[in-house]
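Me: I have a model open and want to learn how to read it. Can you take me through a few features, general idea before the case?

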Amino acid sequence: MTELPLIGEAIAVAAVPRLAGARIGVVTFPGTLDDRDAARAVRLAGGTAVPLWHADTTLGDVDAVVIPGGFSYGDYLRAGAIARFAPLMSKIIDAANSDAKLPVLGICNGFQILTESHLLPGSMIKNDHLKFMCRDQVLRVENSNTAWTLDYEAGQEITVPLKNQDGQYIADEKVLDALEAEGRVVFRYVGFNPNGSRRDIAGISNAAGNVVGLMPHPEHAVEVGFGPETGLPGGAGFGGSDTDGLGFFTSVLNKIVGGNK
């Protein structure tokens with residue numbers, strides 16, 4: 001049996017000194033659940049995680065931003081609708097749309113916030129079965145040229161956890177056709193569509209490729225033995241499904257410091 005590391009003993013997989021200088025901001029809203037997980041994923045990838053509070057009025061000197069999952073403001077209006085008006089979001093929107101093209105990743109509720117803030121098109125509504133869904137989900141990487149997918153290959157299938165109740169991605173046919181034609185569908189559900197999203201879309205990007213949103217949670221698939229069950233003893237092991245989400249974070253770090261791809 002392969003010996004698994006204890007939770008407190010995890011070592012950065014990409015222990016490359018040059019990556020440590022890359023500073024990735026992780027935003028916390030009231031109701032955010034996965035900010036610490038996202039920060040841990042950044043550290044495991046070799047970067048420096050920088051906590052950001054929703055009421056901050058500056059991004060500081062971060063090189064990229066992760067908007068993690070959770071239930072910002074309890075989803076009391078629409079998922080992500082209130083968070084969109086947080087002071088920090090105006091700074092994120094400006095930086096993402098600037099000439100510098102700040103890389104921004106929205107995960108689950110973060111994806112919902114990105115659509116509400118119009119950094120990404122379309123909208124998120126209740127799952128078509130009207131139930132909360134939690135499962136390990138297979139995704140196909142459709143676009144490996146975004147700031148967050150450079151360490152993947154187009155057509156590669158990865159497994160990461162998914163947990164949502166407002167995860168159905170919708171847009172009109174004109175928008176969907178444009179996303180397809182421009183290569184902006186970044187991830188697609190494989191084998192099972194867990195929420196009824198149009199065209200099995202699990203994640204999309206903006207035109208520049210610096211902003212990516214997806215419903216599944218790559219930050220929960222970054223450690224050996226603590227990701228999807230296929231990575232447990234007897235499963236895929238290191239480099240298999242239990243660490244399939246780590247590529248999001250190594251991708252943006254390599255992008256920031258000047259990777260080779």
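**Reading the fold, strand by strand**

Reply: Start with contacts. This is a predicted model. Among contacts in the protein chain between residues at least 6 apart in sequence, 75% join residues at least 24 apart.

Me: How many helices and strands does the protein chain have?

Reply: Count the elements before tracing them. The protein chain has 5 helices and 11 strands.

Me: What share of the 261 residues is buried?

Reply: Buried means under 20% relative accessible area. Buried residues make up 54% of the 261 residues here. The chain exposes about 11,200 Å², and carbon and sulfur atoms supply 54% of that area.

Me: Let's take one strand. Which way do the residues of β11 point?

Reply: Check each side of a strand in turn. In β11 (residues 211–214), V211 and G213 point one way. V212 and L214 point the other way, and all four are buried.

Me: Which strands are joined to β11, and are they parallel or antiparallel?

Reply: Look for bridges, then direction. Strand β4 (residues 104–107) runs parallel to β11, joined by 4 bridges. I107 stands opposite L214 there. Strand β10 (residues 201–205) runs antiparallel to β11, with 3 bridges. On that side, S205 stands opposite V212.

Me: How many residues lie between β10 and β11 in their hairpin?

Reply: For a hairpin, read the turn as well as the strands. 5 residues lie between β10 and β11. G209, in the turn, has a positive phi of about 85°.

Me: Which residues does the UniProt annotation "active site" cover?

Reply: Treat a record as a pointer, since annotations may be inferred rather than shown by experiment. The unreviewed UniProt entry lists C108, H217 and E219 under "active site". They are spread over 112 residues of sequence, yet they cluster in space, with a largest C-alpha distance of 11.0 Å.

Me: Where is C108, and why does it count as buried?

Reply: Place the residue, then compare its accessibility with the cut-off. C108 is in the loop between β4 and α3 (109–116). Its relative accessible area is 6%, so C108 is buried. Beyond four places in sequence, C108 touches G69, K163, N164, L214, M215 and H217.

Me: And H217: buried or exposed?

Reply: Buried, because its relative accessibility is 1%. H217 lies in the loop between β11 and α5 (246–257). Its contacts beyond four places in sequence include D34, I107, C108 and V160.

Me: Which residues form the nonpolar surface patch?

Reply: Turn to the outside for this one. L33, F71 and F132 form the patch, with about 290 Å² of accessible area together. L33 lies in the loop between β1 (23–28) and α1 (35–45).

Definitions and conventions:
Residues are numbered from 1 along each chain as its sequence is written. This is a predicted model: local features need pLDDT of at least 70, side-chain atom pairs count only at pLDDT 80 or more; totals for chains, interfaces and linings use all residues. Side-chain values use heavy atoms; hydrogens and water are left out. Buried means under 20% relative accessible area, exposed over 50%, partly exposed in between (1.4 Å probe, protein chains only). Helices (H or I, at least four residues) and strands (E, at least two) are DSSP runs, numbered from the N terminus. Two strands pair if DSSP finds at least two bridges between them. Contact means heavy atoms within 4.5 Å. Accessible areas come from the Shrake-Rupley method with a 1.4 Å probe; for residues, only the protein chains shown count as cover. Patches are made of residues with over 30% relative accessible area and no salt bridge: like charges are joined within 9 Å, nonpolar side chains (Val, Leu, Ile, Met, Phe, Trp, Tyr) within 5 Å. A salt bridge is a side-chain nitrogen of Lys or Arg within 4 Å of a carboxyl oxygen of Asp or Glu.
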